[in-house]
Every structure is written in structure tokens, then in C-alpha cells.
Amino acid sequence: MAVTNFTPLLGLALPTTGDLAGVWGVTVNDAITTLLDTSVAGTTTLSADADVTLSKTDGATNQARSAVLLWTASNSLTRNITAPARSKAYVVINAGTASIVVRGEGSPPTTGVTVVTGEKCLVAWNGSDFV
């Protein structure tokens, strides 16, 4: 039986009793261990000169789960990185050519944090915005 439950913050597989009988190894390795490794120490590099909404998927690789967001674009104007509006901290490195704003998803998105060129910082979700 396939896993149908996932953790609410990182989207890691959350097998329930009876799931994965005799075939748990691949799911544990790919949908828990590898994804947890990325959430603690992985880097998402963003290099396109465009606003970005970080991908988020349960039980699979995605951009929003990474611990580090590395912006490398040659952007001529301020760009937005929109992250899931949930408990998460990111190390943000702006190695691009203009400011970026890390903000939470929503309608409209939150105000977020501006990270100027050359700045490195830690941003965290406080329940209503990234600070």
C-alpha cells in the first residue's frame, strides 16, 4: 500500500500502520531520509531573472524544502521569492545584481524581507510573514 500521509511542514512521508508492508526501504530512503537531508543542509540555486514561487511537493524533491536559498541571477530590478507560508527558516544568500524579497504565499503575498545584493541573512516565518 502506498503512503498517503505526509508531514505538514516538510512534506516527508508519514507511513501509517499497514503501509509499505515488505517494501518500506525505497520510501524511507527517498521520501524521508533524502528529503530530510535536503531540508537541513540542501541548497536551492535560483538563477533566472524572474520572480520565483518555490515549488512544494509532498514526498518528492522540491525547492521550498531546502535550508539555503542562493540567488545568482543578473537581475536589473528587485525580484520576489515566494515561499510557502508555514514554519520554516532559510539562509538566504543574494549573489545576484539587485535586491530580492523573500515573502510568504497568499493573496496577496506577504510583505517579506528585502535582501540587498551581497547580503547573507537568516529569514524565518513568524506565523504571518518572513522576518
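**Exercise 1. Find the residues that asparagine 94 is in contact with, leaving aside its neighbours within four places in sequence.**

Solution. Start at the side chain and backbone of asparagine 94 and skip the sequence neighbours. What's left is Trp71, Ser99, Ile100, Val115, Val116, Thr117, Gly118 and Glu119. Keep in mind that we're working with a predicted model here.

Next, place the residue: asparagine 94 sits in strand E5. Then look at its polar side-chain atoms. One of them lies 3.0 Å from the backbone oxygen of alanine 98. The side chain also gets to the backbone oxygen of valine 115, at 2.9 Å.

**Exercise 2. Decide whether asparagine 94 is buried or exposed.**

Solution. Grab the relative accessible area, which is 2% for asparagine 94. The cut-off for buried is under 20%. Asparagine 94 is therefore buried, because its relative accessible area is just 2%.

For a sense of distance, go to glutamine 63, which is 31 residues from asparagine 94 along the chain. The C-alpha atoms of the two are separated by 16 Å.

**Exercise 3. Work out which strands give two or more residues to the largest nonpolar core.**

Solution. First, the core itself: it has 19 residues. Those with the most contacts inside it are Leu54, Trp71, Ile81, Tyr90, Val92, Val123 and Phe130. Now map the core onto the elements. Two or more residues come from each of these strands: E3 (68-71), E4 (79-83), E5 (89-94), E6 (100-104), E7 (113-115) and E8 (120-124).

Zoom in on tyrosine 90. Not counting residues up to four places away, tyrosine 90 touches Leu54, Ala64, Ser66, Ala67, Leu69, Ala83, Pro84, Cys121, Leu122, Val123 and Phe130. As background, nonpolar side chains tend to be buried together in soluble globular proteins.

**Exercise 4. Count the cavities of 30 Å³ or more, then describe the lining of the largest cavity.**

Solution. The count comes to one. The largest cavity holds about 70 Å³ of space. Its lining consists of Leu9, Leu10, Asn62, Ala64, Arg65, Pro84, Arg86, Ser87, Lys88 and Tyr90. Sort those by type and you get five nonpolar, two polar and three charged residues. Tyr90 turns up in this lining as well as in the core list.

**Exercise 5. Locate the cis peptide bond that involves proline 108.**

Solution. Check omega between serine 107 and proline 108: the value is about -5°, a cis bond. Then find its place in the chain: proline 108 is in the loop between E6 and E7. For context, most peptide bonds are trans.

**Exercise 6. Summarise the fold of the protein chain in a few numbers.**

Solution. Count the elements: one helix and eight strands. Put them in sequence order and the pattern reads α-β-β-β-β-β-β-β-β. The C-alpha trace spans about 55 × 25 × 20 Å along its principal axes. Of the 131 residues, 38% are buried. Finally, take the contacts with a separation of 6 or more: 44% of them link residues 24 or more positions apart.

How values were computed:
Residues are numbered from 1 along each chain as its sequence is written. This is a predicted model: local features need pLDDT of at least 70, side-chain atom pairs count only at pLDDT 80 or more; totals for chains, interfaces and linings use all residues. Side-chain values use heavy atoms; hydrogens and water are left out. A nonpolar core is a set of buried Ala, Val, Leu, Ile, Met, Phe, Trp, Tyr and Cys residues joined through side-chain atoms within 4.5 Å. Buried means under 20% relative accessible area, exposed over 50%, partly exposed in between (1.4 Å probe, protein chains only). Helices (H or I, at least four residues) and strands (E, at least two) are DSSP runs, numbered from the N terminus. Contact means heavy atoms within 4.5 Å. A polar contact is a pair of N or O atoms within 3.5 Å; within protein, one must be able to donate a hydrogen and the other to accept it, and residues adjacent in sequence count only if both atoms are side-chain atoms. On a 1 Å grid over the protein atoms alone, a cavity is a set of points where a 1.4 Å probe fits but cannot get out, and a pocket is an open set with protein on both sides within 12 Å along at least five of seven lines; lining residues have an atom within 4 Å of a point. Grid points are joined across faces, edges and corners, and a volume is the space filled by probe spheres set on the points. Ala, Val, Leu, Ile, Met, Phe, Trp, Tyr, Cys and Pro count as nonpolar, Asp, Glu, Lys and Arg as charged, and the others, Gly among them, as polar.
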